[in-house]
Amino acid sequence: MGLHLKIFLLICLVAVLILMIRSIKNKKLVLQYSLSWLFLIFGLAIVILFPGILNVISGIIGIAVPVNTIFFLGFLFALLIIFNLTSAVSKMSVEITRLTQELAILKKKTEEDQAEL
């Protein structure tokens with residue numbers, strides 16, 4: 001990998017990192033859900049700075065071509081993101097159901113109290 005490409009990729013990673021930090025500060029993005037993206041950014045930075053690591057990882061996994069390792073790890077990362085989002089949606093669905101039930105109970109009580117008056 002050429003020096004110009006390394007510098008360009010590192011600049012792109014720093015720009016994405018700054019964008020993420022601003023989004024977290026402005027409360028547009030929750031830190032809990034952005035941690036996996038932060039780990040990805042730091043992992044990519046390590047691979048860009050030390051490309052030999054990709055060959056080692058490919059050898060450990062048993063993949064002959066390092067480019068295929070990138071695709072495989074990208075697939076695993078996508079699965080991780082999907083799992084995290086599914087988990088968050090499930091928790092929110094349970095919370096919405098609970099809040100809806102509470103609201104219905106409070107509404108019923110309020111109607112009963114007004115009917116007594």
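How do the residues of the lining of the second largest pocket divide into nonpolar, polar and charged, and what is the count of each? The residues of that lining divide into seven nonpolar, five polar and one charged. The structure discussed here is a predicted model, and the account below takes the packing of its helices, then an aromatic pair, and then the two pockets.

**Helix packing**

Two packed helices are described by the angle between their axes and the distance between the axes. The table gives these values for two helix pairs.

| Helix pair | Angle between axes | Distance between axes |
|---|---|---|
| H2 (residues 31-49) and H4 (residues 66-116) | about 170° | 10 Å |
| H3 and H4 | about 75° | 9 Å |

Helices H2 and H4 pack at an angle of about 170°, and because angles over 145 degrees count as roughly antiparallel, H2 is roughly antiparallel to H4. On the H2 side the contact involves Tyr33, Ser36, Trp37 and Leu40, which meet Phe77, Leu80, Ile81, Asn84, Ala88 and Met92 in H4. Sorted by class, this contact of H2 with H4 has eight nonpolar residues, two polar residues and no charged residues.

For H3 and H4, the angle of about 75° makes H3 roughly perpendicular to H4. Leu54, Asn55, Ile57, Ser58 and Ile61 of H3 make the contact with Pro66, Thr69, Ile70, Phe72 and Leu73 of H4. Here the classes comprise seven nonpolar and three polar residues, with no charged residues in the contact of H3 with H4.

**The aromatic pair**

The count of aromatic pairs comes to one. Trp37 and Phe77 form this pair, which is edge-to-face, with 4.9 Å from centre to centre and 80° between the planes. The pair links distant parts of the chain, since Trp37 lies in helix H2 and Phe77 in helix H4, 40 residues apart. Both residues also appear in the contact of H2 with H4 described above.

**The two pockets**

The largest pocket has a volume of about 390 Å³, and 16 residues line it, with Leu40, Leu44, Val47, Ile70 and Leu73 lying nearest its centre. Two or more residues of this lining come from each of H2, helix H3 (52-61) and H4, and H2 gives the most, with seven residues. By class, the lining of the largest pocket has 13 nonpolar residues, three polar residues and no charged residues. Leu40 is also among the H2 residues that meet H4, while Ile70 and Leu73 are among the H4 residues in contact with H3.

The second largest pocket has a volume of about 230 Å³. Of the 13 residues that line the second largest pocket, Gln32, Tyr33, Asn84, Leu85 and Ala88 are the closest to its centre. The elements that give two or more residues to this lining are H2 and H4. Tyr33, Asn84 and Ala88 are also found in the contact between H2 and H4.

Definitions and conventions
Residues numbered from 1 in each chain as written. Predicted model: local features only at pLDDT ≥ 70, side-chain atom pairs only at ≥ 80, totals over all residues. Heavy atoms only, no water. Axes fitted to C-alpha atoms, helices over the stretch in contact; angles between N-to-C directions. Helix = DSSP H or I, 4+ residues; strand = E, 2+ residues; numbered from the N terminus. Parallel < 35°, antiparallel > 145°, perpendicular 65-115°, else oblique. Contact = heavy atoms within 4.5 Å. Nonpolar A, V, L, I, M, F, W, Y, C, P; charged D, E, K, R; others polar. 1 Å grid on protein atoms, 1.4 Å probe; cavity = no way out; pocket = protein on both sides within 12 Å on 5 of 7 lines; lining within 4 Å. Points joined across faces, edges and corners; volume = space filled by probe spheres on them. Phe/Tyr/Trp six-rings, centres within 6.5 Å; stacked < 30°, edge-to-face > 60°.
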